[in-house]
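Let's take a walk through a protein together. Have the picture open and follow along as we go.

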Amino acid sequence: MDHTPARRLAALLAVVAVAVGGAAPAAAEPPTTGVQLTVDPQTLPIATGQCNGGQLLVRLTNRGPAPVYADAVLTSSPALRLPRRLISTWLPVGYTRTVGVPVVAATGTAAGAYTVSVTSGEQRVDVPVTVSPPQPSPNLARAAARVSASSSRAGFLVCGAVDGDADPAHWGYGTGWADGTGRQWPDWYQLTWDTPQRLSRVDIATVDSAEFPTARYGLRDWDVQLATAAGWHTVAEVRGNTAATVSSTFPTQHTDALRIVTYAANTANDQSRIVELTVG
């Protein structure tokens, strides 16, 4: 017999409930066998904008006696964007599969409370998502409504270059953008705003660390271009770069789009690498 305080209390509540003609409240507990579902964090605050979202970590653990296939299905309020809504995985005994699922609210989404639900079998986890406008920032790249590129390498997606992390030592650890067509030029990386912005400076941080020195891996040649009624207009050119960070300034102009057109890197695994793009 189990005499733990929790078990005794549960039994007592059941007796009391029956005595008064009711039923004891059900309490969901993680299964001791089969697949266990957990989701972190329990609540998720995000700001509107393509690159201002957050991430849920969905974990499936096989607590059973044999390997199994396991599924998790994600549903959400219509205002939220999830790039994937099904996780299907093979789980050996005792194995945990962790999958990150980005959650995004587009620019213009009404501030408020929303929900992402994750189900696996009979288990369900509801995660409250709080959406708010982005905080004002002197870096206008963080306020871009859309961020795009000619291509992206796995693990180095477009939002990695406008995530606020300009430390080149963090390259390869979840930050920065790289194109997906090495040794093929040119490439481009673009910011688009819903309304025109006043721009006069662009800072580009490329790779620079003991593992990835600029002189071997950094971005070497590129143009800074602004969208105009007549098309793209080049406002700055950089050639032969070996510095980790380069600032390009130009007379203030109004535009709703900016792009960086890259032409060459410094030879090693020849591709475009931008750690962070800052615009002001």
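One bit of vocabulary comes in handy later: Ala, Val, Leu, Ile, Met, Phe, Trp, Tyr, Cys and Pro count as nonpolar, Asp, Glu, Lys and Arg as charged, and the others, Gly among them, as polar. What you're looking at is a predicted model, where local features need pLDDT of at least 70 and side-chain atom pairs count only at pLDDT 80 or more, while totals for chains, interfaces and linings use all residues. Residues are numbered from 1 along each chain as its sequence is written, and side-chain values use heavy atoms, with hydrogens and water left out.

Let's start with the strands. The labels work like this: helices (H or I, at least four residues) and strands (E, at least two) are DSSP runs, numbered from the N terminus. Two strands pair if DSSP finds at least two bridges between them. With that in hand, find the open sheet of 5 strands, which runs in the order E2-E9-E8-E4-E6 with mixed pairing. Its edge strands are E2 (44-47) and E6, each pairing on one side only. On average, neighbouring strands of this sheet are turned by 25° against each other, direction ignored; here axes are lines fitted to C-alpha atoms, for helices over the stretch in contact, and angles run from 0 to 180 degrees between N-to-C directions.

Now zoom in on some of the pairs. Strands E8 (residues 112-120) and E9 (residues 123-132) are antiparallel, with 9 bridges between them, and Thr 119 sits opposite Arg 124 in E9. Strand E4 (residues 68-76) also runs antiparallel to E6, joined by 6 bridges. There, Val 73 faces Leu 86 in E6.

Which way do the side chains of E6 (residues 86-91) point? They alternate: Ile 87, Thr 89 and Leu 91 point to one face and are buried, whereas Leu 86, Ser 88 and Trp 90 point to the other and are not. "Buried" means under 20% relative accessible area, "exposed" means over 50%, and "partly exposed" is in between (1.4 Å probe, protein chains only).

There's another open sheet to find, with 4 antiparallel strands in the order E1-E3-E7-E5. Strands E1 (35-40) and E5 (80-81) are at its edges with a single partner strand each, so one side of each has no neighbour in the sheet. E1 and E3 (residues 54-62) run antiparallel and share 6 bridges, and you can spot Gln 36 opposite Thr 61 in E3.

Next up is a chemical link. A disulfide is a covalent bond between the sulfur atoms of two cysteines; for counting, the two sulfur atoms must be within 2.5 Å. This structure holds 1 disulfide, and it joins Cys 51 to Cys 159, with 2.0 Å from S to S. Why is this link interesting to trace along the chain? Cys 51 lies in the loop between E2 and E3, and Cys 159 in the loop between E10 (146-149) and E11 (177-178), so the pair ties together parts that are 108 residues apart in sequence. The link of Cys 51 and Cys 159 is left-handed, with -75° about the S-S bond. Cys 159 counts as partly exposed because its relative accessibility is 24%.

What about empty space? On a 1 Å grid over the protein atoms alone, a cavity is a set of points where a 1.4 Å probe fits but cannot get out, and a pocket is an open set with protein on both sides within 12 Å along at least five of seven lines; lining residues have an atom within 4 Å of a point. Grid points are joined across faces, edges and corners, and a volume is the space filled by probe spheres set on the points. The structure holds 1 cavity of 30 Å³ or more, and the largest cavity has a volume of about 40 Å³. Its lining includes Cys 51 and Val 162, and divides into 5 nonpolar, 3 polar and 1 charged residues.

The largest pocket holds about 640 Å³ of space. Of its 24 lining residues, Gln 50, Gln 55, Pro 102, Leu 157 and Cys 159 lie nearest its centre. The largest share of this lining, 4 residues, comes from E7.

Finally, a backbone oddity. Most residues other than glycine have a negative phi, and most peptide bonds are trans. The bond from Asp 40 to Pro 41, however, is cis, with omega near -5°.
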